[in-house]
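Q: I've got a model open here and I'd like to zoom in on one part of it. Could you take me through that part slowly?

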Amino acid sequence: MNRTKEFLIPFVGLKLGKHHFEYQINNAFFENFEYDEFQNSEVKVSVVLEKKSNMLELSFKHKGTVNVPCDLTGEDFDLPIKGKMKLIVRFGEEFNNDNEELLILPFGEFEIDIIQYIYEMIVLSVPIKRVHPGVKDGSLKTDALEKLNELQIKEADKKENKEEDIDPRWDKLKQLLTDK
């Protein structure tokens, strides 16, 4: 995986207090993870790193849109997404990221790589079922829907076909039931 230095935060040289970082995420970011679920993406991520004497607190927020296919119609649409996440970084004997809200870095570390956390936060903010807003309010116009409406059998045609399609042999059988 191609790691970019843009997402490495060297915290050793930073003063105690809050530090702000902003990132503009697009499809090139997701290519690092070989993730191709989005046709297009424009997401703004802001990270606030609060450096304390014995730990770091990271607050991630993101807001933007990802272009995905609708699960019902297959039409592509821009899905608005947003979310936030907190991460506490402590120092210990060895690296440990078993807990999703706590990261333990070895004592000698001088920087933190946040690319994986940004990736997970964005991907997990996309709902499991993605439905085009036009489906919900009935305003979706697609070529497939127009063709289906064109091919739909009209009510008058249905009644004519029902009367014509009745086989006269069935009438004789129905008479047997009523003649008892």
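Which residues gather in a patch of positive charge on the surface? And please follow the strands around that patch while you're at it.

A: Sure, and keep in mind that this is a predicted model. The positive patch on the surface brings together Lys 18, Lys 61, Lys 63, Lys 82, Lys 84 and Lys 86. Two elements give two or more residues to the patch: strand S4 (56-69) and S5. S5 supplies the largest share, with 3 residues, and Lys 86 is found in that strand.

Now for how those two strands sit together. S4 and S5 run antiparallel, joined by 14 bridges. If you want a spot to click on, take Glu 57, whose bridge partner in S5 is Ile 88. The hairpin of S4 and S5 has 6 residues between the strands, and there Gly 74 takes a positive phi near 85°.

S5 (residues 76-92) also pairs with S6, this time in the parallel sense, over 5 bridges. Along that pairing, Val 89 has Leu 103 in S6 as its bridge partner, and Gly 92 stands opposite Pro 106 in S6. In general, strands of a sheet pair through backbone hydrogen bonds, either parallel or antiparallel.

Zooming out, these strands belong to an open sheet of 5 strands with mixed pairing, in the order S2-S3-S4-S5-S6. Its edge strands are S2 (17-25) and S6 (102-106), each pairing on one side only. On average, neighbouring strands of this sheet are turned by 20° against each other, direction ignored.

Definitions and conventions:
Residues numbered from 1 in each chain as written. Predicted model: local features only at pLDDT ≥ 70, side-chain atom pairs only at ≥ 80, totals over all residues. Heavy atoms only, no water. Pairing = 2+ DSSP bridges. Helix = DSSP H or I, 4+ residues; strand = E, 2+ residues; numbered from the N terminus. Axes fitted to C-alpha atoms, helices over the stretch in contact; angles between N-to-C directions. Patch = residues over 30% accessible without salt bridge, like charges linked within 9 Å, V, L, I, M, F, W, Y side chains within 5 Å. Areas by Shrake-Rupley, 256 points an atom, 1.4 Å probe, with all protein chains shown as cover. Salt bridge = Lys/Arg side-chain N within 4 Å of Asp/Glu carboxyl O. Lys, Arg positive; Asp, Glu negative; His and termini not counted. Charge placed at Lys NZ, Arg CZ, Asp CG, Glu CD.
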